[in-house]
Amino acid sequence: MTAEPSPSAGRMRASDADREAVVELLREAAADGRLDLDELDTRLGHALAAKTRGELVPLTDDLGPAVFDPGEPLTLKGGIHGAERTGVWKVPPRIVAYGGLGGVRLDFTRAECRLREIEVDVDGQMAGVRIVVPVGWKAETDALDLGFGGLKDKTEGDHRLPGTPVIRLTGTCGAGGVVIRNPNLRERRRQRKGLAR
C-alpha cells in the first residue's frame, strides 16, 4: 500500500535531489520494460521541470508501491546507544541525523548511490555526527551552523570526480560537532576485500 503524501508535503518545493531520484526511478522502470521510450521521454521532461514534490508523485505512482515518497527522509537518532548506517545500503535523497548522547555514523563507502545530490540535515547534539564519504565525493557545508562542536572536514582535496554526488549539509553541529572524512586504511582494506568476493 502506497502512503499518501500530506497536502503540505505535496506543496513543498522540489530539490535537485528529489528530481534526480525520480529520474533514476524512471530510467530503471524503462530498463525493466515497464515504460516505453516515449513514456520515458515525456515523464523525464515533466520530472526535470517539476517545481514541487507534488508534481513528481504522479510520475512514478503507477510503477509499484512506495516508489517515490516525497515527504519521508531517512531519519537516524543517536539516542543513548548511537545509530549508524554502514555497509551496503541504498542512499535516499534526504537524510536527517540527530546525534543524541550516542552519536550517529553515516558511512557512504559501500553505499549504492545514483543521485547527483544528497541532502543531509544534521543536529550534532551531545555526541555529534560522523560522515564517511568515498574519495572524490564533495561535501558542501556553507549552510551548516557550527554550534559549539564545530565542523572538521578531513576529506582529501576539494574537487569532485565526475559522476559522484554532492552532499549538502544543513542544520547545526551542536555540542558534539560534525566530522566528515574519507575512509581510513582499515575501511579501505575491508572495502577491497568485499569487492574481491
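1. A word on terms before the sheet: two strands are taken to pair if DSSP finds at least two bridges between them. With that in hand, and bearing in mind that this is a predicted model, here are some notes on how the pieces fit together.

2. The open sheet has five strands in the order β2-β4-β6-β11-β9, and their pairing is parallel. At its edges stand β2 (83-85) and β9 (151-154); each has a single partner strand, so one side of each is left without a neighbour in the sheet. From one strand to the next, the twist averages 5°.

3. Within that sheet, have a look at β6 (residues 129-132) and β11 (residues 178-181), which pair in the parallel sense over four bridges. If you want one pair of residues to find on screen, take R130, whose bridge partner in β11 is V179.

4. Strand β1 (residues 74-77) is joined to β3 by four bridges, and the two run parallel. In this pairing, L76 stands opposite A97 of β3. Which residues of β1 lie on its covered face, and which on the uncovered one? L74 and L76 are on the covered face, while T75 and K77 are on the uncovered one. As a reminder, side chains in a regular strand alternate between the two faces of the sheet.

5. Turning to the helices, the axes of α2 (residues 16-31) and α3 (residues 37-49) come within 9 Å and cross at roughly 175°. Angles over 145 degrees count as roughly antiparallel, and that makes α2 roughly antiparallel to α3. On the α2 side, the contact is made by R19, V22, V23, L26, R27 and A30, which meet L40, R43, L44, A47 and L48 in α3. By type, the residues of this contact divide into eight nonpolar, three charged and no polar.

6. How does the length of α2 compare with what its residue count should give? At 1.5 Å a residue, its 16 residues should span 22 Å, and its end C-alpha atoms are 22 Å apart, which agrees. After α2 comes G33, with a positive phi near 85°.

7. Finally, α2 is mostly covered, with twelve of its 16 residues buried. Among them are the charged residues D18, R19, E20 and E24, along with nonpolar ones including V22, V23, L25 and L26. What covers the buried residues includes α3, α4 (53-56), β3 (94-98) and β5 (117-123). R19 and L26 are thus worth a look on two counts: both are buried, and both take part in the contact with α3.

Technical notes
Residues numbered from 1 in each chain as written. Predicted model: local features only at pLDDT ≥ 70, side-chain atom pairs only at ≥ 80, totals over all residues. Heavy atoms only, no water. Axes fitted to C-alpha atoms, helices over the stretch in contact; angles between N-to-C directions. Parallel < 35°, antiparallel > 145°, perpendicular 65-115°, else oblique. Contact = heavy atoms within 4.5 Å. Expected span 1.5 Å × (residues − 1). Buried < 20%, exposed > 50% of the residue type's maximum accessible area, 1.4 Å probe, protein only.
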